[in-house]
Amino acid sequence: MLNKIRSKWAAFEEKHQGSAQFVMFFILSNGVTALQLILMPLFRNIFNGTSLVETSFQVLPVGTGADGVSPFYIFDYASGALPEGGGGLAYFLAVQITLAIAQIINFFAQRNVTFKSNTSVAKAAIWYFIAYVLITFAAAALQGFYKAPIYHLFMETWGMGTTGGTIADVITMIINSALSFWIFFPIFKVIFKRVPENETEELTA
């Protein structure tokens, strides 16, 4: 049965390479997202027991917020536990460590399984890192609009407390993952090239 599935997939991949890549990209991306949904609450619980929660991390101000007075930070993690505060440096680290682990795994999985790239790992890694940084900045800026309302809704408005905080963790990770999904696929198509074996030998000669 397994061999039959493999042979059918191989035939589909040969005839519809682009579609096959997208399907595999989708499957692996969802696996990485599932990992993030596990890691994010785990890291947040670890850091919540430290003084990092009360350490403000608000950097890169760009204009003002919705009130027209307070500065709008790209990375806006005010001190204090959510939802009253912004989670402080504890929340920032929980998010960034989760994303870093997920994206390292995603890099190798997508390169080797989805695109079967045989070009330079170092060059691909450099472009991947640049894309990752840009997406991180974009995702952080967007969090300034939805993070606080989501946590307030589940933890305060609906009175779900820590359970609501965990649900909000999951939602924020899903939003981050959705953003990465639609941006990374076209980038991967460019940086994860597969060239004929004879060309690979010439490049490495």
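Reader: Which residue follows helix 4 with a positive phi?
Author: Ground rules for this predicted model: local features need pLDDT of at least 70, side-chain atom pairs count only at 80 or more, and totals for chains, interfaces and linings use all residues. Residues are numbered from 1 along each chain as its sequence is written, and side-chain values use heavy atoms, leaving out hydrogens and water. After helix 4 (helices are DSSP runs of H or I, at least four residues; strands of E, at least two; numbered from the N terminus), phi goes positive, near 60 degrees, at Gly159.

Reader: And just after helix 3, what phi does Lys116 take?
Author: Helix 3 covers residues 88–114. Just after helix 3, Lys116 has a positive phi of about 50 degrees.

Reader: Where is the kink in helix 4 centred?
Author: Helix 4 spans residues 121–157. Its kink is about 50 degrees (the angle between axes fitted to the seven residues ending at a residue and the seven starting there), and the centre is Gly144.

Reader: Is helix 4 roughly parallel or antiparallel to helix 5?
Author: Helix 5 is residues 161–191, and its axis lies 9 Å from that of helix 4. The two pack at about 150 degrees. Over 145 counts as roughly antiparallel (under 35 is roughly parallel, 65 to 115 roughly perpendicular, the rest oblique), so the pair is roughly antiparallel.

Reader: In what order do the elements of the protein chain run?
Author: There are six helices and two strands. From the N terminus on, the order is α-α-β-β-α-α-α-α.

Reader: What box do the C-alpha atoms fill?
Author: This one covers the C-alpha atoms of the protein chain. Taken along the principal axes, the box is roughly 60 × 40 × 30 Å.

Key:
Expected span 1.5 Å × (residues − 1). Axes fitted to C-alpha atoms, helices over the stretch in contact; angles between N-to-C directions.
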